[in-house]
Amino acid sequence: MKSNRQIKDHYPCLIVGAGIVGAGIFRDLSLHGIPTLLVDKKDFTSQTSQASSKMLHGGIRYLENFDFKLVFEALHEKNLWLKLAPHLCYEQRFSIPVYNEDKRPLWMIRCGLFLYDLLSSFQNTMHDQTNRSETISKFPQIRENGLQGAGIYSDAVVDDAKLTLEVIYDGLENKNCQAENHMAYINSKKLKEDLFEVELKCELTEQKYKVTTKKLIFATGPFTDKLLSNSHDFNWEPKLLPSKGSHLWIERKALELPSPVVLTPPDGRVIFVIPQGEKILVGTTETQIDGEYFDLKAGEEDIQYLLDNLKQYFPKSNISKENILSTFCGIRPLVKEDSSHSRGKTAREHKVFQPISNCYVILGGKYTTFRVMAHDVTKEICHSFGIPFNSSLSLAPLRVCSHILPFEKTELTKEVVINCAKYELPKTFEDLVIRRLGINDKKHWNHSESFDDFFKSIQSKLSEYIEISDEQITNF
Ligand SMILES: Cc1cc2nc3c(=O)[nH]c(=O)nc-3n(C[C@H](O)[C@H](O)[C@H](O)COP(=O)(O)OP(=O)(O)OC[C@H]3O[C@@H](n4cnc5c(N)ncnc54)[C@H](O)[C@@H]3O)c2cc1C
């Protein structure tokens, strides 16, 4: 096993959870000059923050619930990240086909889209519409029966895993900050009013560490209730209503689709169908979850549900299970609106809890709003350390660029993969391939040399930086 980077005895701040929320807080504390340790039980961004619908968006459907504040904030964040990280996200036009039997007619959709543009302070490329025949000629396989036309609006497509990684790399530019993947939080106890002793365990070597910290921050998303309810010290009542969402990556040739569409089936769900290079992303579902939360797989029912809807909306396509390249699944970390009064209702906005002094737990929100979510924690911590809080620090562009850029922008050479292993903190073969290279499954491999030959030829070089074996390459 590779040895870990040295863990110090004390860090002023310790963040548990390196999804986008923990990453955002890490970067913000780092930018404020506060030495911080960020740990994750698995790889960075290996859970919910790599299993989103991969959109930076205002959330057009939250308009229905009059969540104008959230939509306003998220649209402004989306437009900000299009400027700050143009290599990781791009603007995309989405079409919403409208049918006679739909709850909302085309004129109403247009009003909603105008409101969406207004809430973006007209920074969005303005909405538009296509009539029935224009919609059919744009999407030749779409169901024609009852089609009125389509509303068109702008949002952004993002590589969620890459953005989280780059936010962490940016935080690491402050050399007093450290980020460790495969390092689990086990438990903690208060030594003094403002001093915790935290036990950590490396999940790869089983080695345990004890560190002290003044501020303990949990950014553990959907895992929070399970983690904190196990410890009496936090007196934690469950606050989440978790639900599972699955996605499919399908082959591009399975559907004739020049640009994304938003399907609104009669069950009230929304399904995004987003072409990206040689593949198409389809999702999502909403099902109850029980049992294990880590490394979830999409269930058969969810896969069938998404395929059935694609067939309903694109009857002229021959789409089938054979066209699926891979699937993935995540849990929405939705916070109950008020656990005592409104069971079943959830708030989309984030909340910061302080179960005990100097301990912060952040829950909810959206991937898109991570930067402003981080401010709420950083502000409190700066205040208690007597450091002026400066919200504009996080407006700076990210300083460290990934070796492999998404959306097929980088040619996958052996040299670039080795550099990725050397500099981008993967510890296992999976960390390297799935998140640094963006390959979920061998079926995504699109290179002149076979997957196995490519990695076997650089295996000994890669083994200087990551755990890698013949078996891992073959069975990936
Ligand atoms: C299906 C789906 C689609 C979505 N689509 C979008 C979208 O398109 N746009 C958008 O803006 N938002 C979207 N969201 C919401 C968004 O993905 C989440 O709000 C966000 O990713 C949550 O990030 P997080 O950091 O809170 O959680 P996570 O990414 O899950 O991070 C929590 C981390 O805590 C770690 N952890 C847990 N226990 C421990 C421990 N004991 N020790 C150390 N580490 C631990 C986990 O390993 C994990 O990495 C979607 C969500 C889902 C589920």
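This briefing covers the ligand site, the domain layout and several individual residues of the structure above. The model is predicted. The chain is assigned domain 1 (10-49 + 162-240 + 339-395), domain 2 (91-157 + 241-332) and domain 3 (414-475). The ligand lies between domain 1 and domain 2, because both give residues to the shell around it. The protein buries 97% of the 1,000 Å² that the ligand exposes when taken alone.

**Ligand site**

- The ligand has 38 residues around it. Asp-40, Thr-48, Ser-49, Met-55 and Thr-368 come nearest.
- The shell divides into 16 nonpolar, 16 polar and six charged residues.
- Ser-49 places a polar side-chain atom 2.6 Å from an oxygen atom of the ligand.
- Val-21 uses its backbone instead: an N or O atom there lies 3.1 Å from a ligand oxygen atom.
- Tyr-367 also has a backbone N or O atom 3.1 Å from an oxygen atom of the ligand.
- Four elements give two or more residues to the shell: helix H1 (20-31), strand E8 (183-192), strand E11 (243-251) and strand E16 (324-332).

**Domain 1 and domain 3**

- The centres of domain 1 and domain 3 are 29 Å apart, taken over C-alpha atoms.
- Contact between these two domains involves 12 residues of domain 1 and eight residues of domain 3.

**Arg-435**

- Arg-435 is part of helix H10. Its relative accessibility is 4%, so Arg-435 counts as buried.
- The side chain of Arg-435 makes a polar contact of 2.5 Å with the side chain of Asp-43.
- A second polar contact, at 3.3 Å, links the side chains of Arg-435 and Asp-431.
- Beyond its neighbours within four places in sequence, Arg-435 is in contact with Asp-43, Phe-44, Thr-45, Ser-46, Gln-50, Ala-161, Lys-162, Leu-165 and Glu-430.

**Helix H9 and its cover**

- Helix H9 spans residues 414-423. Val-416, Val-417, Ile-418, Cys-420 and Ala-421 are buried there.
- An α-helix has 3.6 residues a turn, so residues three or four places apart point the same way.
- The cover over the buried residues of H9 includes helix H10 (429-436), helix H11 (451-457) and helix H12 (459-462).
- Leu-425 follows H9 and has a positive phi, near 65°.

**Lys-456**

- Lys-456 lies in helix H11. At 35% relative accessibility, Lys-456 counts as partly exposed.
- Lys-456 and Ile-473 are 17 residues apart in sequence, yet their C-alpha atoms are 7.5 Å apart in space.
- Lys-456 is in contact with Asp-470, Ile-473 and Thr-474, leaving aside neighbours within four places in sequence.

**Ser-317**

- Ser-317 sits in the loop between helix H7 (300-313) and strand E16. With 8% relative accessibility, Ser-317 counts as buried.
- The side chain of Ser-317 reaches the backbone nitrogen of Ile-319 at 3.4 Å.
- Not counting residues up to four places away in sequence, Ser-317 touches Gln-141, Ala-254 and Leu-255.

Terms used: Residues are numbered from 1 along each chain as its sequence is written. This is a predicted model: local features need pLDDT of at least 70, side-chain atom pairs count only at pLDDT 80 or more; totals for chains, interfaces and linings use all residues. Side-chain values use heavy atoms; hydrogens and water are left out. A residue is near a molecule or strand if one of its heavy atoms lies within 4 Å of it. A polar contact is a pair of N or O atoms within 3.5 Å; within protein, one must be able to donate a hydrogen and the other to accept it, and residues adjacent in sequence count only if both atoms are side-chain atoms. Accessible areas come from the Shrake-Rupley method with a 1.4 Å probe; for residues, only the protein chains shown count as cover. Ala, Val, Leu, Ile, Met, Phe, Trp, Tyr, Cys and Pro count as nonpolar, Asp, Glu, Lys and Arg as charged, and the others, Gly among them, as polar. Domain bounds come from an automatic or database domain assignment. Buried means under 20% relative accessible area, exposed over 50%, partly exposed in between (1.4 Å probe, protein chains only). Contact means heavy atoms within 4.5 Å.
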